[in-house]
Amino acid sequence: MAMTEASREVGVVVRRRAVDNPWIDHVWSPAMVLDEVPATAPWTVLSTESDATMYYAGAASIDLFSSDTANYRDNLAEGEPRIWVALRRQAGGSEFELTKVTADPTEGEAIFESGCDVIGTVPMSPGIAAWIAAFVDEFHVERVFHKRKRNHTSEDRKRETSEDPVDRPKGGA
């Protein structure tokens, strides 16, 4: 069965915020995902405030697969659908690279265990939500869950009988 795939290029904005902490002086977090990729160079400063700087981190692709439509549908059904963004520090330096942008909650939660340096969620824009909803409407197939029953094969029976005590005297010895 072939998996249908759709991709959409988006722009990612991140925030660098100063913190009062004895071990670090700032933290990074995803700020928003733009519907379109702007004609801006990656890591361009977009705005600066007293304690935070916004950067355009660069372009990324949101990929959709027909096998994951139930996950997208669940995300859209939430009060505020989310997009997960992950960035990883490049080879011990201070610069980051975008490693993943996804609308799949299952994949998004798995990112938290991936070892990425910056992971977070941002609200999904109405334009991206409409694109994903159209994909789900076109390709979602409800799958019925069938609980498997254990099939006792002849090998299982041999194993069970070989573990039974054989010619063990009854009573005490």
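Helices and strands are taken here as DSSP runs, with at least four residues for a helix and at least two for a strand, numbered from the N terminus. On this basis, the predicted model follows the pattern β-β-β-β-α-β-β-α-β-α-α along its sequence. The secondary structure amounts to 4 helices and 7 strands.

An open sheet is built from 4 strands. Their order is β2-β1-β4-β3, and the pairing is antiparallel. The edges are occupied by β2 (26-34) and β3 (44-48). Each has a single partner strand, so one side of each is left without a neighbour in the sheet. From one strand to the next, the twist averages 40 degrees.

The pairing of β1 with β2 can be described further. Strand β1 spans residues 5-18 and pairs with β2 over 8 bridges, in the antiparallel sense. Val13 has Met32 of β2 as its bridge partner. In general, strands of a sheet pair through backbone hydrogen bonds.

A helix also lies across strands of this sheet. Helix α3, formed by residues 126-139, crosses β1, β2 and β4 (52-65). The helix runs at about 150 degrees to β1.

Values for the whole chain complete the description. The chain has 173 residues, of which 29% count as buried. Among contacts with a separation of 6 or more, 64% are accounted for by residues 24 or more positions apart. The accessible surface of the chain comes to about 11600 Å². Carbon and sulfur atoms contribute 50% of that surface.

Technical notes:
Residues are numbered from 1 along each chain as its sequence is written. This is a predicted model: local features need pLDDT of at least 70, side-chain atom pairs count only at pLDDT 80 or more; totals for chains, interfaces and linings use all residues. Side-chain values use heavy atoms; hydrogens and water are left out. Two strands pair if DSSP finds at least two bridges between them. Axes are lines fitted to C-alpha atoms, for helices over the stretch in contact, and angles run from 0 to 180 degrees between N-to-C directions. Contact means heavy atoms within 4.5 Å. Buried means under 20% relative accessible area, exposed over 50%, partly exposed in between (1.4 Å probe, protein chains only). Accessible areas come from the Shrake-Rupley method with a 1.4 Å probe; for residues, only the protein chains shown count as cover.
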